[in-house]
Structure formats: C-alpha cells, structure tokens
Amino acid sequence: MKMLMLHSAILLWTDCSRNNSKSLPNTSILHLDEGILLEIFDYLDILDLLRAGQVCQQWYRISRDYYLWKSLDLKTLRKPFSKDNSIETLFRRCPVSRLINLDLSGLQLTGRIFTTLAQNCLHLRKLVLNSTNFVAEETENDEEIFLFPEKLEYLDLRFSEGPARFYLTVSRYLGQVEWFGLCDAFIYPLYKDGSLDTTIMNMQNLKSLDTSHCLLAKDNLVSMVTSCRKLEVLSMRKCLCVRGHTLGELLSNCKSLRGLILDGTSVDDDVISSLPWEHTRMDYLELGWCPLVSTEGLRVVLDKLSRLKSLEYLGLCSTGDGKAISDVILEDLKKALSKGLFCSLRTLNITSSKKVTEKGLRSFIEEFCPNLEVKVGKCYALEGFSIQSDDRTWEDENNNNGPAHKKWKCNFRSKRSNNQMEQYFLESPL
C-alpha cells in the first residue's frame with residue numbers, strides 16, 4: 001500500500017512537471033528533488049523502504065539517511081521478522097546507529113538480539129517489548145550473559161514472557177529509565193532472588209511506572225516505589241492483590257505524583273478515606289472498577305478531593321460494582337462545584353453506574369455541563385439523553401444587557417445516545 005502511495009506521489013509530481021514544463025524542464029523521476037524523496041520515503045515502512053533502496057544508487061543513498069532510521073516499528077511486520085537472524089541481519093546491515101525508538105512487540109527474541117542492539121544502537125532511548133516472547137537458543141546455557149542497551153529512558157516489558165535469567169540481566173540496566181512497564185515474569189525472579197527492592201530503589205530517574213495486570217504486584221511493591229522521589233504517574237490497573245495499605249506512604253514521599261490509576265484493585269473504604277488526598281498535586285485519579293468501595297467511603301474521599309486545585313480527571317467507572325455512584329454522589333458533587341471547589345475538574349467518568357437516575361443526572365448536567373465533560377456510557381438506568389444549548393441574554397446588577405449566555409438542557413430520547421455507547425477498555429496483550 002505504501003509503495004503504491006510512493007508510486008502515486010511520483011506520478012502526480014511528474015504530471016505536474018509536464019503541465020509546467022517551462023518552469024520545471026526536468027520531468028524525469030531521476031530529477032526529483034532529494035528533499036521531496038526524503039519526505040516521501042518517510043511514509044514507508046521498513047520493508048518498503050528497503051525495496052525503494054534497490055531502485056538506483058541515489059534512492060539507495062537516500063533510503064539510508066539517518067533521518068529515516070530514528071524510529072523503527074516492527075510489531076506490524078511480525079511475519080517477515082519472526083526469525084531471530086532476520087532481525088539481527090537488519091540491525092547489522094542497516095544504518096541503525098542513530099536509532100532512537102524501537103518497537104519489537106509480539107516478536108520472539110533471543111539474548112543475541114539485545115547484544116546486537118547494545119553494540120550497534122548506542123543512541124537507543126525507547127524500547128517497546130510488549131507481549132514479546134524471550135527464548136534461549138540451543139547453544140545458550142542458563143549462565144550465559146547477554147548485553148542490553150544501557151541508556152534507555154523508556155522500557156516496556158508488559159505482558160512479556162521468558163526465562164528468569166533474561167529479566168535478571170535486564171534489571172541491571174535500568175538506572176536511567178524514566179518510563180517503565182513491567183510484568184509478572186519480571187517481578188517473580190527478582191522477588192525470588194531478593195533483588196527486587198534494590199532494583200526499584202536504584203531507579204532514581206523513574207517518572208512513570210505501569211504494573212497493569214500484574215497479579216504479583218502487591219502493597220510491598222508500592223512501598224518499594226516510594227523511594228523513587230521523581231515518580232509522577234503510577235498505574236496499577238487490574239492489580240487485584242493491591243489493597244492500598246502503603247498508598248499513604250507513597251503520597252507522602254512522592255511529592256511529584258500527579259497521576260494515580262487504581263481501577264480494578266482491591267482498595268476499600270477504610271484505605272481511600274484515610275489517605276491525605278488534599279495534600280497532593282494529583283491531576284489524574286482513577287478509582288473505577290474498585291468493587292470494595294461504597295457510597296459512604298466515596299463521599300469521604302470526594303470531600304477531600306474537592307480541595308484539590310489541580311485535579312482535572314476523576315474516574316469513577318463502575319465503582320463498587322456500579323453501585324457506589326448514585327444521585328447522592330452527584331448532589332454532593334453539585335454542591336462542591338457550586339462552592340467553587342473542584343476548580344480544575346474537566347472530566348468526570350461515571351460510566352457503568354447502575355444507580356444514577358435520569359432526574360439526578362439531568363439536575364447535575366444542566367448546571368455544570370458547559371465546563372465539565374461527564375462520561376455516562378452504559379448507565380442502563382437511563383434511556384438515553386442528549387444536551388442542547390440555547391443562546392439567551394441576561395441582565396447584570398445594573399440592568400445592562402450582557403453577552404449571550406448558554407443555558408444547557410437535557411432532553412431524553414428513546415434511543416441511547418452516542419455517549420452512552422462508549423466502551424471502557426482495559427489494556428490487554430497483543
């Protein structure tokens with residue numbers, strides 16, 4: 001497809017050249033400006049780029065320009081690069097010395113590949129190994145050590161699988177990592193080896209940690225993460241064994257924390273109501289799909305969160321199995337907003353809430369919808385609604401006509417609106 005786009009672009013340029021032959025005397029493909037060719041080549045995937053380099057010497061030279069080799073995405077080309085030697089040959093023969101971003105998601109890799117990367121891609125900063133399967137070669141033994149890129153700032157190991165020795169080796173190269181996505185296959189060998197806490201403590205540059213879907217992620221891991229003082233985002237989505245008993249330590253020590261994703265964890269009313277939310281700088285908080293949170297606990301939390309001047313997103317999707325969010329909660333939010341609290345809140349997600357009624361939602365949205373995006377998909381107690389606005393004039397205290405003011409209304413329809421058809425997807429392996 002992209003080769004077809006390249007061919008079409010060349011034909012289009014050639015036709016334009018013929019129509020303007022006086023201003024552009026050279027209409028041959030060989031006379032295309034190299035800058036134009038470089039921009040066209042930038043749209044090609046790796047296989048099409050290699051094919052284009054076989055056309056002539058000029059195209060070969062342009063196809064190997066470092067500008068085109070700063071980022072490689074091989075996850076969509078798993079079949080051509082399913083063999084280990086194919087990837088190794090690519091890295092050895094192509095100009096990857098300036099490579100910055102590399103995605104090898106879904107591939108089957110050996111330690112030899114990472115040794116090749118470490119030796120040839122000295123500028124590599126981002127490495128995505130999502131859903132990758134790490135295997136040992138027949139000639140390898142359990143004690144054989146391979147090299148790994150040393151200067152990575154972004155490393156994604158989520159949903160990957162492989163032998164313990166691979167993850168033990170990788171754990172020695174995480175000193176400069178700022179974004180880290182880990183998996184159970186990483187946690188288990190380090191926990192068994194007794195080096196998990198040391199590894200986490202040495203990641204002093206860590207700003208974002210994603211442990212989504214890790215069944216081995218527990219409160220002790222949260223306690224280890226508190227040593228990462230630069231941490232800004234922690235995602236523990238669907239970590240069922242996280243009960244939140246060490247979250248207070250996290251909020252107290254990680255002053256830069258601004259995003260916390262706890263949906264699908266086992267936190268309860270006692271935990272979330274005891275946390276010092278009002279003293280944080282949180283701007284993104286997700287408490288959806290937490291089955292142990294009730295309406296009473298949520299009311300205490302919302303009272304604390306209302307004092308946060310930085311909070312922009314609040315996720316309460318299906319909290320308490322969809323029963324924690326009710327008209328009572330919406331009324332509390334309405335009162336807080338009318339007092340000027342939740343001053344930065346822009347998005348409220350109450351998707352899949354079973355106890356929200358038409359009356360309660362309409363009363364809430366009529367007053368605050370212009371400044372607040374409310375996600376209400378799959379609230380089955382509602383038949384469907386849409387919001388319309390009417391431009392009206394208003395009078396100020398001096399009885400002078402002011403500018404047009406938008407008053408928002410809720411009109412109920414028999415069919416479910418597009419907002420209600422929104423899905424809430426949890427991240428899953430490839």
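A salt bridge here is a side-chain nitrogen of Lys or Arg within 4 Å of a carboxyl oxygen of Asp or Glu. By that criterion the structure, which is a predicted model, holds eight salt bridges, and the tour begins with some of them before turning to the helices.

**Stop one: Asp 156 and Arg 158.** Select these two residues and display their side chains: they form a salt bridge in which the closest N and O atoms are 2.8 Å apart, and both Asp 156 and Arg 158 are buried.

**Stop two: Arg 237 and Asp 263.** Moving along the chain, select Arg 237 together with Asp 263, a salt-bridged pair whose closest N and O atoms are 3.0 Å apart. Arg 237 sits in the loop between β9 (233–235) and α11 (247–253), while Asp 263 belongs to the loop between β10 (259–261) and α12 (269–274), so the pair ties together parts that are 26 residues apart in sequence. If you colour by accessibility, Arg 237 has a relative accessibility of 14% and therefore counts as buried, and Asp 263, at 0%, counts as buried too; the cut-off behind both assignments is under 20% relative accessible area.

**Stop three: Arg 307 and Asp 303.** Next select Arg 307 and Asp 303, which form a salt bridge with the closest N and O atoms 3.5 Å apart. Arg 307 counts as partly exposed, with a relative accessibility of 47%, and Asp 303 is likewise partly exposed, at 43%. Before leaving the salt bridges, return to the first pair and add Asp 210 to the selection, since salt bridges that share partners join Asp 156, Arg 158 and Asp 210 into one network.

**Stop four: helices α13 and α14.** Show α13 (residues 295–305) and α14 (residues 327–338) as ribbons; their axes come within 10 Å and cross at roughly 10°. An angle under 35 degrees counts as roughly parallel, and the two helices α13 and α14 are therefore described as roughly parallel to each other. To see the contact itself, select Thr 295, Leu 298, Arg 299 and Leu 302 on α13, then Val 328, Ile 329, Asp 332 and Leu 333 on α14. The residues of this contact divide into five nonpolar, one polar and two charged.

**Stop five: helix α6.** Finally, select residues 111–120, which make up α6, a helix that is mostly covered, with seven of its ten residues buried. Which residues of α6 are the buried ones? They are Gly 111, Ile 113, Phe 114, Thr 115, Thr 116, Leu 117 and Ala 118.

Conventions
Residues numbered from 1 in each chain as written. Predicted model: local features only at pLDDT ≥ 70, side-chain atom pairs only at ≥ 80, totals over all residues. Heavy atoms only, no water. Buried < 20%, exposed > 50% of the residue type's maximum accessible area, 1.4 Å probe, protein only. Helix = DSSP H or I, 4+ residues; strand = E, 2+ residues; numbered from the N terminus. Axes fitted to C-alpha atoms, helices over the stretch in contact; angles between N-to-C directions. Parallel < 35°, antiparallel > 145°, perpendicular 65-115°, else oblique. Contact = heavy atoms within 4.5 Å. Nonpolar A, V, L, I, M, F, W, Y, C, P; charged D, E, K, R; others polar.
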